[in-house]
Amino acid sequence: VGEQIGLTTVVINYDRPGVKGREGKIWGQLVPIGYVDQGFGTARKAPWRAGSNENTTIEFNTSVTVEGQPLPAGKYGVFIAFDASESTLIFSKNSSSWGSYYYDDKEDALRVKVKPTVIDKSVEWLSYSFSNQTENSATITLSWEKLAIPFRIQVDYINDQLESFRKELRTEKGFIWESWQQAAAWCLEKKC
């Protein structure tokens, strides 16, 4: 799934496990609490891979903040050390491994605390969705069974757009007065 937040493209690639009759056995059982030794690979303390099969990944084409913490542009493996009261969302520089069998905390780019919430309706297939969107932010929510794990992404839309204008006006677009007028009108509207 993907969305545009300001000028930032956010793409999440994940596999969707199903509940498949395991109601009440997903969170804290199938998805372990904290970190576990999965009995394979090099990780002796691995978080959940935030999906199934290969790594769940998230990619940003600009720098963002996640729950107020900075994260550079790039592609990251997404992991969750689950706890019903407060989970740790992990963005790993390693986005290519299979699951979390080779998870290494030295490759963490960012860790943030997030609060899982109970939801009324059951979600059979794990999903990621975007909500509460503004021109510079959105909430991304992982939903599965009767639990949701939301986290807030923010972008610097004004400065990203100004940087884009600076680059574009150095190309052939800089030789057309309309490009300058468009940039100036946008800046006037945004008071920048």
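Strand S7 (residues 87-92) is largely enclosed by the rest of the structure, because six of its six residues are buried; buried denotes a relative accessible area under 20%, exposed one over 50%, and partly exposed a value in between, computed with a 1.4 Å probe on protein chains only. Both faces of S7 are covered, with Ser87, Leu89 and Phe91 buried on one side and Thr88, Ile90 and Ser92 buried on the other. The structure is a predicted model, in which local features need pLDDT of at least 70 and side-chain atom pairs count only at pLDDT 80 or more, whereas totals for chains, interfaces and linings use all residues. Residues are numbered from 1 along each chain as its sequence is written, and side-chain values use heavy atoms, with hydrogens and water left out.

The protein chain has two helices and 10 strands, where helices (H or I, at least four residues) and strands (E, at least two) are DSSP runs numbered from the N terminus. Along the sequence, these elements follow the pattern β-β-β-β-β-β-β-β-β-β-α-α. Strands of a sheet pair through backbone hydrogen bonds, either parallel or antiparallel. Here, two strands are taken as paired if DSSP finds at least two bridges between them.

S7 belongs to an open sheet of six strands, ordered S1-S2-S3-S6-S7-S8 and paired in the antiparallel sense. The edges are occupied by strand S1 (2-5) and strand S8 (108-114); each has a single partner strand, so one side of each is left without a neighbour in the sheet. From one strand to the next, the twist averages 25 degrees, with axes fitted as lines to C-alpha atoms (for helices over the stretch in contact) and angles running from 0 to 180 degrees between N-to-C directions.

Within this sheet, strand S3 (residues 56-60) pairs with strand S6 (residues 74-81) through five antiparallel bridges, and Thr57 has Gly77 of S6 as its bridge partner. Gly77 is also bridged to Ser92 in S7. The antiparallel pairing of S6 and S7 comprises five bridges, and a hairpin of five residues connects these two strands. S7 is in turn joined to S8 by six bridges, the two strands running antiparallel; in this pairing, Ser87 has Val114 of S8 as its bridge partner.

Two non-glycine residues with positive phi were examined in the loop between S2 and S3. Lys20, located in the loop between strand S2 (8-13) and S3, has a phi of about 50 degrees. At 57% relative accessibility, Lys20 counts as exposed. Asn53 lies in the loop between S2 and S3 and has a phi near 60 degrees. The relative accessible area of Asn53 is 37%, so this residue is partly exposed.

For the protein chain as a whole, the C-alpha atoms fill a box of roughly 60 × 40 × 25 Å along the principal axes. Buried residues make up 45% of the 192 residues. Of the contacts (heavy atoms within 4.5 Å) with a separation of 6 or more, 60% are accounted for by residues 24 or more positions apart. The accessible surface comes to about 10,500 Å², of which 50% belongs to carbon and sulfur atoms; areas were obtained by the Shrake-Rupley method with a 1.4 Å probe, and for residues only the protein chains shown count as cover.
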